[in-house]
Amino acid sequence: MLGEVIWQAYSLSQVPHLPLLVILCLALFIVYRVLLYPKYFSPYRHIPGPLAFVFSSDLAKHFLYGPPLRANSPEGQDDGYNKFNDTNVIRIVGPLGLERLVLLSPLAWEHALITRWQDYPRPKFYRNAFKIVIGSGLLTTEGRDRVLMKKMIAPAFSLPSLVLRGSYAVYGVTMSRNIIKQQTVLLYSLIDVLTQRVLTLESPSSGVVLGIHEWMSKASLDMICSSAFSYDANALHNPHSELVVAFRNLEKLQGGLSIRLFLALSIIPGFGRFVSTKAAWRLRKMLGLIPFFGNASILVNTTKTRLLTCGEFPLFSLIKTTKFSTADILYQLNILGAGREGLESGLSWSLYFLAVNQDAQEKLRREVTPLLAKDPRPSYKALSALKWLDCVVMESLRLFPPSPGTYRQAEVPDHMDRIPIPKGTLVYFPFRIFNTCKSRWGNDAEKFRPERWLTLSESANARKSFAAFSFGPRACTGRTMAMIAMKVVLASLVAKFEFDLAYEGQLPRPITSISTKPKDNMPLRLRLVDQGAFSSK
Ligand code: HEM
């Protein structure tokens, strides 16, 4: 209708410039989509929430990424969002009128993530964009293929098979203490490399300031490659290895404007197929020179590395016996991308919390030191018995889950919390908001208090009130592996080094895209632990 009115006005006025008309139509469409539609026409217009017409407001960011993390995490902070305390669903209108319903009630989470999970797949735009970067795999596939993939892959990530390096016997394995020990040895040898590196940099009295995130990123890549794929990525030794460079480049795609430009490129039909063609490979340098197409050049390079490197992963020989083509299987690098992001952020933020909370750090050192002194490569079972270590890992992941949240899209019309959900509705599950909900975790929910995990209440528990790994059939496949890896790394680092903030008044600087990373690479000061002074305490 709007088009007809404009056309008539155009005919009457006999404006000679067609381009002007196009610009006028576009401007009117934007005004309609961004200003008028969300306020007066949207089926969600009665749902409360912040409206952001051009850029996301602080209130919108609060609901998407959680409240700002403060150095001392004061109790009872209120950034204007408390007015939504009793609301179960809020609507966030983002740039260009993009509408999302943020679900805040546990019942809605259970409904969409667990009970009706098949009616709420990951959104198409998200799957398409990810497919371009990390190929098709669990994160990007839905329907029957996804169920088959999950069946194939999940057992390979279960605790018994994780510890069976080399044989990949995945079903019906009884957990043996010795085999578990082998797995821990594998992770420890990587930690040795890390500590050696730090030792050579150490200046004894004042310690050394290191960009912790970069080190955790290299260690995570090596750990996941070796534990999940028996592949030596060698990131700690060789910062120029092809896989390391490819991942570093991919990180460039995640910065604020880059991720938007990348999402814009990913909706161009055929773009996904183009980046893996020979023509794209030949044109990659030229693409890099064209404004806005630098991202395309990064993608072409990364796709090539992905195809070259995946062929060497032995895990794929295990799953090659299925109906999936070699290309499908090669693309399981998906897992690597998903796992590395979570692990490196989880480790970086845990070390940050320990640097801010020196008492918790010292208590952890007191717990892990005797065990590591007796056996520098303790078994998984011995590590699992360390209660404070478990509390520290769970509290870090609760307070600052590496993944800020997840999207789903309604595939059929539905109802949630008595709100009609039309087909196609984009729903968002904010993990940090869920993990710091005061009604479940108490008034100190925003505080780093590992001791809360020693006496959990009925309302706050790891199964129902902790969303760091998400819930339901699309939850994190690598949860067990991630927990083992985080414990191994934190125990051995804290036993050897004291972690402190790099400078007075240092504030956390999170930047959120796929995972929440520190913008400043998280500088922390490391000093060698004075073993003598420590053991006399
Ligand atoms: C602290 C570390 C980690 C965190 C916090 C984490 C978190 C998550 C979350 C929240 C999801 C679900 C997203 C959604 O619901 O849409 C997920 C999915 C996934 N994660 Fe992790 N992850 C971690 C480490 C790992 C590791 C080490 C691996 C494996 C090497 C891994 C493999 C996966 C895979 C394959 C999926 C897709 C599961 C599916 O679609 O069925 N993750 N992760």
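**View 1. P123 sits in the loop between α4 (106–115) and α5 (124–134).** The model shown in this and every other view is predicted. P123 counts as buried, because 20 C-beta neighbours lie inside 10 Å and the cut-off for burial is 20 or more. Leaving aside neighbours within four places in sequence, P123 is in contact with Y407, R408, Q409 and L426. Take Y407 from that list. Along the sequence, P123 and Y407 are 284 residues apart. In space, their C-alpha atoms are 6.7 Å apart.

**View 2. The whole protein chain has 24 helices and 11 strands.** This view gives the setting for the close-ups. The chain holds 537 residues, and 39% of them count as buried. What share of contacts between residues at least 6 apart in sequence join residues at least 24 apart? The share is 71%. The pair P123 and Y407, from the view before, is 284 residues apart in sequence.

**View 3. Helix α20 covers residues 387–399.** The helix has 13 residues. At 1.5 Å a residue, they should span 18 Å. The end C-alpha atoms are 18 Å apart, so the model agrees with the expected span. Which residues of α20 are buried? They are L389, C391, V392, V393, E395, S396, L397, R398 and L399.

**View 4. W388 lies in helix α20.** W388 is partly exposed, with 18 other C-beta atoms within 10 Å. That count falls short of the 20 needed for burial, which is why W388 is not on the buried list. Not counting residues up to four places away in sequence, W388 touches K363, L364, E367 and P450. A360 offers a distance to check. W388 and A360 are 28 residues apart in sequence. Their C-alpha atoms are 8.7 Å apart in space.

**View 5. Helix α18 (residues 358–374) packs with helix α23 (residues 479–496).** Two packed helices are described by the angle between their axes and the distance between the axes. Here the angle is about 100 degrees. The axes are 8 Å apart. The two helices are therefore roughly perpendicular to each other. Which residues of α18 and α23 meet? From α18 come Q361, L364, R365, V368, T369 and L372. From α23 come A491, S492, V494 and A495. By class, this contact has 6 nonpolar, 3 polar and 1 charged residues. One residue of the contact, L364, is also touched by W388.

**View 6. The shell around the ligand has 26 residues.** Which residues come nearest to the ligand? They are G339, G342, S470, C476 and G478. Three elements give two or more residues to the shell: α9 (212–229), α17 (333–356) and α23. Of these, α17 gives the most, with 6 residues. By class, the shell has 15 nonpolar, 8 polar and 3 charged residues. Helix α23 thus links two views: it packs with α18, and it gives residues to the shell around the ligand.

**View 7. S470 is in the loop between α22 (438–441) and α23.** S470 is among the residues that come nearest to the ligand. Its phi is positive, at about 70 degrees, although S470 is not a glycine. Is S470 buried, exposed or partly exposed? With 19 C-beta neighbours inside 10 Å, S470 counts as partly exposed.

**View 8. M522 lies in the loop between β10 (516–518) and β11 (523–528).** Phi of M522 is near 50 degrees, a positive value in a residue other than glycine. M522 is buried, with 25 other C-beta atoms within 10 Å.

**View 9. S439 is in helix α22.** S439 is exposed, because just 12 other C-beta atoms lie within 10 Å and a count of 12 or fewer is exposed. How far from S439 is L221, C-alpha to C-alpha? The distance is 37 Å in space. In sequence, S439 and L221 are 218 residues apart.

**View 10. L35 is found in helix α2 (residues 18–41).** L35 counts as partly exposed, with 13 C-beta neighbours inside 10 Å. V494 marks the other end of this view. Along the chain, L35 and V494 are 459 residues apart. Their C-alpha atoms are separated by 52 Å. V494 belongs to α23, where it takes part in the contact with α18.

Key: Residues numbered from 1 in each chain as written. Predicted model: local features only at pLDDT ≥ 70, side-chain atom pairs only at ≥ 80, totals over all residues. Helix = DSSP H or I, 4+ residues; strand = E, 2+ residues; numbered from the N terminus. Expected span 1.5 Å × (residues − 1). Axes fitted to C-alpha atoms, helices over the stretch in contact; angles between N-to-C directions. Parallel < 35°, antiparallel > 145°, perpendicular 65-115°, else oblique. Contact = placed C-beta atoms within 7 Å. Nonpolar A, V, L, I, M, F, W, Y, C, P; charged D, E, K, R; others polar. Near = placed C-beta within 6 Å.
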